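Take a look at the sequence and the 3D structure below. Keep both in view as you read.

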Amino acid sequence: MKIALASRNPHKLDEIRRILNCAEMEWLEPAALADMPEVEEDGLTFASNAIKKAMMAAFYAKCWALADDSGLEVTALQGAPGVMSARYAGTPRDDAANNGKLLRELAGAPDRTARFCCVVALASPCGRAQVVEGFCPGRIIEAQRGDQGFGYDPLFVPDGHEQTFAEMDAALKNRISHRARAFEQARGKWGVLFRGDYADWPAR
Ligand code: IMP
């Protein structure tokens, strides 16, 4: 099955292909989507952004397409920064400013639990879509630790671990992350389809 990945991030592309690991999948070269306009991630949910990106890629590439959207949800902030994770402290996106704002907003909060969330959307060439999601629960610490990774990694300690994502070996983060869990779900739910059985998608 020919499939496009709606991401311009080469690390993400590599990681996703490795998790899905399906010989029957023929990945469309990212260059085939070079003319696709930048998708504005203005949805109110991760799912709506992921669906929008996957639909757009399926339309431009005229084949199946996968896309993801992710972010951090903090309990004491009623789920913020959520879909605003990348631009929490304003545009252009600035990880240091986002982390600073998060620490200020959480100052004195007794509950520092949070979770990373990732939604993956699969769109068919005729514009139907389904989603799966993955979570990584944990907590926000009081000061940044570690210099690997990106985004909120230096402030996030996943449940069952002592290190932040930014201190952790990348291979371990990639095994337990919200993205890994979402793409594992994708493999479970759509693996049959990826191998060429379209029974559940009659009007693809
Ligand atoms: P995107 O889904 O790659 O666009 O991620 C949106 C934003 O969520 C990023 O800019 C980060 O601020 C945050 N984010 C998503 N996943 C992670 C992660 O694994 N570590 C740290 N921050 C993340």
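The paragraphs below go through the pocket, the ligand, the cavities, the cysteines and some points along the backbone.

One thing to know at the start: this is a predicted model.

Begin with open space. The largest pocket has a volume of about 1,400 Å³. Its lining is made up of 50 residues. Closest to the centre of this pocket are N9, K12, S70, R93 and F150. Several helices and strands take part. Those giving two or more residues to the lining are α1 (10-20), α2 (46-61), β3 (64-74), α3 (95-105), α4 (170-176) and α5 (178-194). Helix α1 supplies the largest share, with six residues. What kinds of residue line the largest pocket, by class? There are 19 nonpolar, 15 polar and 16 charged residues in that lining.

Now turn to the ligand. It is surrounded by 15 residues. S70, D153, K173, H178 and R179 are the closest of them. S70 has already appeared, as one of the residues closest to the centre of the largest pocket. Look next at the nitrogen atoms of the ligand. A polar side-chain atom of D153 lies 2.6 Å from a ligand nitrogen. The side chain of H178 also has an N or O atom 3.1 Å from a nitrogen atom of the ligand. With Y152, the contact is made by the backbone: one of its polar backbone atoms is 3.2 Å from a ligand nitrogen.

Next come the enclosed spaces. How can empty space inside a protein be found? A probe the size of a water molecule is rolled over the atoms, and this shows where space is left empty. Here, two cavities of 30 Å³ or more are counted.

The largest cavity holds about 40 Å³ of space. A4, L5, L13, R17, L28, E29, P30 and L33 form its lining. Strand β1 (2-5) and helix α1 each give at least two residues to that lining. By class, six of the lining residues are nonpolar, none are polar and two are charged.

The second largest cavity holds about 30 Å³. Around it sit L5, A6, S7, I16, L66, A67, D68 and F183. Strand β3 gives the most to this lining, with three residues. Six residues of the lining are nonpolar, one is polar and one is charged. Find L5 in the model: it lines the largest cavity, and it lines the second largest cavity too.

Now for the cysteines. How many disulfides does the model have? The count comes to zero. A disulfide needs two cysteine sulfur atoms within 2.5 Å. For C22, the nearest cysteine sulfur belongs to C63 and is 15 Å away, so C22 is in no disulfide under that cut-off. For C136, the nearest is the sulfur of C117, at 11 Å, so C136 is in no disulfide either.

Are these cysteines buried or exposed? C22 is buried, because its relative accessible area is 13%, and buried means under 20%. C136 is buried as well, at 1% relative accessibility. C117 sits in strand β4 (residues 113-123). At 3% relative accessibility, C117 also counts as buried. Compare C117 with F150: they are 33 residues apart in sequence and 15 Å apart in space, C-alpha to C-alpha.

Finally, follow the backbone through the loop between β3 and α3. P81 lies in this loop. The peptide bond that joins A80 and P81 is cis, with omega about 0°. P92 is in the loop between β3 and α3 too. The bond from T91 to P92 is also cis, and its omega is near -10°. S85 is another residue of the loop between β3 and α3. S85 is buried, with a relative accessible area of 6%. Its side chain reaches the backbone oxygen of G82 at 2.6 Å.

Q78 belongs to the loop between β3 and α3 as well. Phi of Q78 is near 50°, a positive value in a residue other than glycine. Q78 counts as exposed, because its relative accessibility is 71% and exposed means over 50%. K62 also has a positive phi, near 55°. This residue lies in the loop between α2 and β3. K62 is exposed, at 67% relative accessibility.

Conventions:
Residues are numbered from 1 along each chain as its sequence is written. This is a predicted model: local features need pLDDT of at least 70, side-chain atom pairs count only at pLDDT 80 or more; totals for chains, interfaces and linings use all residues. Side-chain values use heavy atoms; hydrogens and water are left out. Buried means under 20% relative accessible area, exposed over 50%, partly exposed in between (1.4 Å probe, protein chains only). On a 1 Å grid over the protein atoms alone, a cavity is a set of points where a 1.4 Å probe fits but cannot get out, and a pocket is an open set with protein on both sides within 12 Å along at least five of seven lines; lining residues have an atom within 4 Å of a point. Grid points are joined across faces, edges and corners, and a volume is the space filled by probe spheres set on the points. Helices (H or I, at least four residues) and strands (E, at least two) are DSSP runs, numbered from the N terminus. Ala, Val, Leu, Ile, Met, Phe, Trp, Tyr, Cys and Pro count as nonpolar, Asp, Glu, Lys and Arg as charged, and the others, Gly among them, as polar. A residue is near a molecule or strand if one of its heavy atoms lies within 4 Å of it. A polar contact is a pair of N or O atoms within 3.5 Å; within protein, one must be able to donate a hydrogen and the other to accept it, and residues adjacent in sequence count only if both atoms are side-chain atoms.
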